[in-house]
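Ready for some practice in reading a protein structure? Have a look at the picture and the sequence, then try each exercise before you read its solution.

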Amino acid sequence: MIELKNIEKYYANKGVKSYILRHVTTSIKQGEFISIMGPSGAGKSTLLNILGMLEEPTYGEYHFMGEDVTAMNERKRIELYRNHIGFVFQAYHLIDEMTVAENIEAPLLYKKIPGAERKSRIADVLDRFNMVAKKDLFPNQLSGGQQQLVGIARALVAQPSIILADEPTGNLQSAQAEQIMDLFKKLNEEEGITILQVTHSEKNAQYGNRILTIEDGVIKEDVSVNN
Amino acid sequence: MFKLNLKIALRNLWKNKGFSLINIGGLAIGLASCMILLIYVAYEWSYDKQFKNSDKTYVVYQNLVASGKTFSWPWTPNVMANEVQEKIPGVKYASHSTYPRPNLITVGENRLSAKVVFTDPNFLKILDYKFIKGNSNQVLKDINSIILTKSFAEKLFGNEDPMNKTVKLENQDVLKVSAVIEDAPANSSIVFECLMPWTLFEKREPWVKESNWGNNMCLTLVQLRDNNLFSSANAAMEGIYKRNSKDNVAVALLHPLTKWHLYSDFENGKSVGGKIDQLKIFLLLAFCILLIACVNFMNLSTARSERRAKEVGVRKAIGSTRKSLINQFFLESILITFISTVLAFILVEISLPYFNNLLNIKLTIDYTNSGFWIALFSLMIFTGFVAGSYPALYLSSFEPIKVLKGLKIKTDSSVSVRKVLVIGQFVFAACLIICTAVIYQQLNYVKNKPIGYNQANLMQIAVEGKMHDSSKLELLKTQLLKSGAATHVTSFSSDVTEGGNNTTNIEWEGKNPKELISFNHRAIGNDFIETMGTELMSGRALSSQLKNDTNNVMLNEAAVKMMGLKWPIGATITFWGNKMTNVGVVKDFVVESAYQKVAPMIFYIDNHSDASVMLVRLNPDQNISSSLAQIDEIVKGIEPNYPVNRKFVNESFEVKFQDEKLLGTLSNWFGGFAIFISCLGLLGLALYMAEQRKKEISIRKVLGATTGNILTLLNKEFIKLVAIANLIAFPLAYIIINKWLSTFEYRISISFLPFALAISVSIVIAVLTVSMQLIKVAKANPIDALKYE
């Protein structure tokens, strides 16, 4: 599904290159649940952003479903990730001015999905996440865990093939975190959605079936997890 | 998507009420100012354009060189129209008509002074007034007929049908109402209340019948078959005086009716503009005010970018293109513009009556006019797009990853753009302050300039009806003096606040025979000097008691200077062919424009009942209202058939300043608005700064800075901006105001005062605005800002 070849990312400052990522080469297959681990500043988030096409690598090749992303124009790239990628952020990043239902609806609007189908999909997702009663509330009226659920619901409603989650539980208490991780696992196992998460927590990493460890921009370890 | 965006926009507005209020209020004031100015400009612009063929209609002007200057007037001889109709190629109709003048019209006991125009049937073919009753082809042919305007007909007859009823003109002629027409629009150059046939005019004033190319006494209107024929027709017009009267040096030309009002200034016989210049200023002002209101909007919107940044980032991350974000922000700005427009409308409707009162005009919004709605709609869209352009492009350019990572958005460029915008606003505001101050100074200067006579307590009474009889006039004078209402009374042959009779037919020893010099000539009564409150510089005053004085004249100082008389007293002057002796020199006093030098004037004693006004110096020891009551009673006793027509000289004199006053008032008001809106813009920038520098301020406070230190620090920057704006504004304003001043013969020299005023006012206002906003931040607990880092 995803092929990375020799991905490099650096910032040049007064002729000195400071590397964030070096020689990252890996492939991700459909249906995997991968956790990216490593110390702060190792380049985990940058890698995730490059995968999510929010950032461009300075060098290297990135193939997403057989297509060369680095050679694509912006319109095409937006088209691609609109249809295949869902984001979940550590700080949830819901739009404060929108209600729960509207937040979930937003990506469908950008995909130009007709009204009737939008309604049924939103209803479906709300139902699945037990949030029907909260659909008209605004984000600031919800707890952190609930907000993150909305964040995941928003990522899911567009029916992506891959979810990219940047420390999804970083701002949550452990009970809530556990709930979110269970949800991810369920999605991965039951619906076959590929999940890629950045995490600090050894425990959360165990929910996946593969762990990539990055240190100083280089992949140090790539191990499978058996659970 | 549209619906959701709209909903979010409304929620945003509601959530930030204060901000929305500033934003919408600023834009509404800007839009309202712009709308009022545009309505005014449209009103002036559409002068005389209401007629179907107004574009093919021309006014005949004559150019006459006198005293080395070319004078251009729309006054032509009575025989002009016929000659033009018959001899000039391409002319469809030509008509002669009098200028509107007051005449007494009576129906039963109902006496009214009406503006009357005497004219021929062609007049109504050239200007297609709408007929409510009567046939346009049959009118003005019968000598004893009259056409009434609708409002005047109502004044005379109430709700009765006026057709075929009779009215009396000056208690002499009985006229039958032959038609009723719509009122002449307020913005037309010829405003009248009734039309009467030219033949009636000839009957009443027999001298009108004489064909005389030297007597310019009426207005000639010409309609061409086609505008292509203009240049040939105009060329044929040029020599028309010379062809008909060998010695006549006047030159005729055609001036378009549609330009009559706006392009009325002539120089060397060519139209050089006029009111159009003022109109252009107002148009520019309208545009600039709208622009600074838009700039305001941009400033305030981008100032909140921090808060909107996250939304942009998230939207982009979940699949929004930049285009759809731009659309969203444009939608928001158009929504705000729409709300502002509605508010502006209310403001305009509320302020129009006041504005009309102030300018003495009748502006209305014509809601049935489709042009108005189109103009309004395009104004709204234009404003929405201009105001929304920068925020839309700026906000939509945020890179999602930077925003979502919580990195500070690079703000250098946006701050400098915003600084430039604020400087622009203040340049405009400072220019307006300077210009307004200079206009005010100039107006004051001219108003307070000695005019050569004492205006206070001086009244003029129009001489009408029986008062034209010199014995009645004498009786009136005696009675006024006896009653104690007046201390001095005299007569004068024209309105003392207006120009009037002049002649070039004056000879004296040493005159260059080739040069034409124009003299004002006035017939005066006894006690002229005392009544006017002017001074006799040398010699003595004329008096009808002295038999010889019918052969004597007085001159004013300007005349003495122009004639180069060393010994003015006793000099012999040939006036209209009669040898006269000058016995006195009168101090110059202003009768025409207070902005121009006083023209030469010659006075002679009134012995042919030439008086058109009685000048009355009121008794200062008596209560004015009782004096007025006495005067009314005395005048009524002598001429009961006319309403008493009296006015204070200083009031009519004020009218001379109307144009400049209008300019002053408008620039005052709209300058004030501009400054207010600019301050809102500054407030926006201060808001932004406060948000941006919250952390810096907190750190400084932790390090020991006082609130005062911080306010100084923050204000310094704004003072710098305003100072730069002033420096740019100074030369700009100097050029503009110097150009305006140069049109006046008497003018002030530009002092540093207006400039000092501009810079101090703008800085004080800026500091107040900024401090009001920043004091909150400066006083806030530093921990609040630092805790979240």
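## Exercise 1: An annotated stretch of chain B

Task: Describe residues 670-782 of chain B in terms of helix, strand and end-to-end distance.

Solution. Keep in mind that you are looking at a predicted model.

Step 1. Residues 670-782 of chain B are 84% helix and 0% strand. The C-alpha atoms at the two ends of this stretch are 42 Å apart.

Step 2. Now turn to the record. An unreviewed UniProt entry gives the annotation "domain: ABC3 transporter permease C-terminal" to residues 284-400 and 670-782 of chain B.

Step 3. Set this against the whole chain. Chain B has 24 helices and 27 strands, and its C-alpha atoms fill a box of roughly 105 × 60 × 55 Å along the principal axes. Of its 789 residues, 40% are buried.

## Exercise 2: Domains that meet

Task: Find the domains of chain B, and work out which elements domain 2 of chain B uses to touch domain 4 of chain B.

Solution.

Step 1. List the parts. Chain B is divided into domain 1 (1-47 + 270-410), domain 2 (55-261), domain 3 (421-449 + 654-789) and domain 4 (458-653).

Step 2. Locate the pair. The C-alpha centres of domain 2 and domain 4 of chain B lie 31 Å apart. Eight residues of domain 2 of chain B are in contact with nine residues of domain 4 of chain B.

Step 3. Name the elements. On the domain 2 side, β1 (57-66) and β6 (110-119) of chain B each give two or more residues.

Step 4. Sort that side by class: three residues are nonpolar, four are polar and one is charged.

## Exercise 3: A phenylalanine in chain B

Task: Decide whether B:Phe575 is buried, partly exposed or exposed, and list its contacts beyond its sequence neighbours.

Solution.

Step 1. Place the residue: B:Phe575 is in strand β23 (residues 572-575) of chain B.

Step 2. Count. There are 19 other C-beta atoms within 10 Å of B:Phe575. A residue is buried at 20 or more and exposed at 12 or fewer, so B:Phe575 is partly exposed.

Step 3. Leave out neighbours within four places in sequence, and B:Phe575 is in contact with B:Ile506, B:Val553, B:Met580 and B:Ile602. Take B:Val553 from this list: B:Phe575 and B:Val553 are 22 residues apart in sequence, with a C-alpha to C-alpha distance of 9.1 Å.

## Exercise 4: The sheet in chain A

Task: Give the strand order of the six-stranded sheet in chain A, and say which helices pack on the sheet.

Solution.

Step 1. The sheet is open, with mixed pairing, and its order is β6-β7-β8-β3-β9-β10 in chain A. The edge strands, each pairing on one side only, are β6 (85-88) and β10 (218-224) of chain A. From one strand to the next, the twist averages 15°.

Step 2. Compare two pairings. β6(A) and β7(A) are parallel, over four bridges, and A:Phe87 has A:Leu164 in β7(A) as its bridge partner. Strand β9 (residues 210-215) of chain A and β10(A) are antiparallel, over six bridges, and A:Thr213 has A:Glu221 in β10(A) as its bridge partner.

Step 3. Add the helices. Helix α1 (residues 44-51) of chain A touches β3 (33-37), β7 (162-166), β8 (194-198) and β9 of chain A, and its direction makes about 150° with that of β8(A). Helix α5 (residues 144-157) of chain A touches β6 and β7 of chain A, and its direction makes about 175° with that of β6(A).

Step 4. Look along the edge strand β6(A). In a regular strand, side chains alternate between the two faces of the sheet. Here, A:Ile85 and A:Phe87 point one way, A:Gly86 and A:Val88 point the other way, and all are buried.

## Exercise 5: Where the chains touch

Task: State how many residues each chain brings to the contact between chain A and chain B.

Solution.

Step 1. Chain A brings 19 residues and chain B brings 17 residues.

Step 2. On the chain A side, α2 (74-84) and α3 (100-110) of chain A each supply at least two residues. The largest share, five residues, comes from α3(A).

Step 3. By class, the chain A side has 11 nonpolar, two polar and six charged residues.

Note on methods: Residues are numbered from 1 along each chain as its sequence is written. Chains are lettered from A and ligands numbered from 1 in the order in which they are written. This is a predicted model: local features need pLDDT of at least 70, side-chain atom pairs count only at pLDDT 80 or more; totals for chains, interfaces and linings use all residues. Two residues are in contact if their C-beta atoms, placed from the backbone, lie within 7 Å. Ala, Val, Leu, Ile, Met, Phe, Trp, Tyr, Cys and Pro count as nonpolar, Asp, Glu, Lys and Arg as charged, and the others, Gly among them, as polar. Two strands pair if DSSP finds at least two bridges between them. Axes are lines fitted to C-alpha atoms, for helices over the stretch in contact, and angles run from 0 to 180 degrees between N-to-C directions. UniProt positions are given in the numbering used here, feature names are shortened, and annotations may be inferred rather than shown by experiment. Domain bounds come from an automatic or database domain assignment.
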